[in-house]
Amino acid sequence: MITQYSFGEECIEPLKRNVIDKYKKWTDEEIRADLVSNRSEMVSIFCNFQGDYNKACGIRSNNAFLGKEVYVVGRRKYDRRGTVGTYHYETIYHADTLKEVTDKLRQEGYTIFAIDNIEKYNPVNLFEIEFPKKSAFVFGEENSGLSKRQIECCDCMVYIQQYGSTRSLNVASAASIIMYEYTKQYNQIKS
């Protein structure tokens, strides 16, 4: 079952929040309402079976690039510190399985992209793909990436070309790059 996260009370000290000047004196609800009018159709899905810090940083990136919503699949709790409070302004859902999320999103017309670099799945280079407006990106676990079962829930795998000796980027960095490229393709970012 997919459920929306609820994080409790409004921020008590609005002047100490990590928000742009425009929002300094706004309530959380006012900020959420203003952001909704500018959000894209992009959806981010984070697998959460180990509970690492990267999910929270990915949620922060979803806010930075105005994604529509976030799904956290697996363990219900995650380390929220990396959001630096942005969870107050995001629509975040929890689901037990990736399949229930991808089934729901497909019914809404989404294309589901696995973000990983496993050669046997013939991943497409990020810079050689044009994303549909209704794109959902699935990010795996730190260290283990995506499982075969998780990949099978997706329509296509996309990888980020790298030039150094490391096999992969961490989940939060990969999420930021993918979200930036999606946003750039839809002219929300002027290059």
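A residue counts as buried when its relative accessible area is under 20%, and as partly exposed between that value and 50%. The exercises below apply to a predicted model.

**Exercise 1.** Classify Cys 154 and Cys 156 as buried, partly exposed or exposed.

*Solution.* Start with Cys 154: its relative accessibility is 12%, so this residue is buried. Next take Cys 156: its relative accessibility is 23%, so this residue is partly exposed.

**Exercise 2.** Determine how many disulfides the model has, and check Cys 154 and Cys 156 in turn.

*Solution.* The cut-off comes first: two cysteine sulfur atoms must lie within 2.5 Å. Under this rule the count is 0 disulfides. For Cys 154, the nearest cysteine sulfur belongs to Cys 153 and is 6.4 Å away, and Cys 154 is in no disulfide. For Cys 156, the closest cysteine sulfur is that of Cys 154, at 9.2 Å, which is too far for a bond.

**Exercise 3.** Find how many residues of strand β2 (residues 43–48) are buried, and sort them by side.

*Solution.* The count is 6 of 6 residues buried, so the strand is mostly covered. In a regular strand, side chains alternate between the two faces of the sheet. One side of β2 holds Val 43, Ile 45 and Cys 47, the other holds Ser 44, Phe 46 and Asn 48, and both faces are covered.

**Exercise 4.** Identify the strands that pair with β2, with their direction and one bridge partner for each.

*Solution.* Strand β3 (residues 69–74) pairs with β2 in the parallel sense over 6 bridges. Here Cys 47 of β2 has Val 73 as its bridge partner. Strand β7 (residues 135–139) also runs parallel to β2, joined by 4 bridges. There, the bridge partner of Val 43 is Ala 136.

Notes: Residues are numbered from 1 along each chain as its sequence is written. This is a predicted model: local features need pLDDT of at least 70, side-chain atom pairs count only at pLDDT 80 or more; totals for chains, interfaces and linings use all residues. Side-chain values use heavy atoms; hydrogens and water are left out. Buried means under 20% relative accessible area, exposed over 50%, partly exposed in between (1.4 Å probe, protein chains only). Helices (H or I, at least four residues) and strands (E, at least two) are DSSP runs, numbered from the N terminus. Two strands pair if DSSP finds at least two bridges between them.
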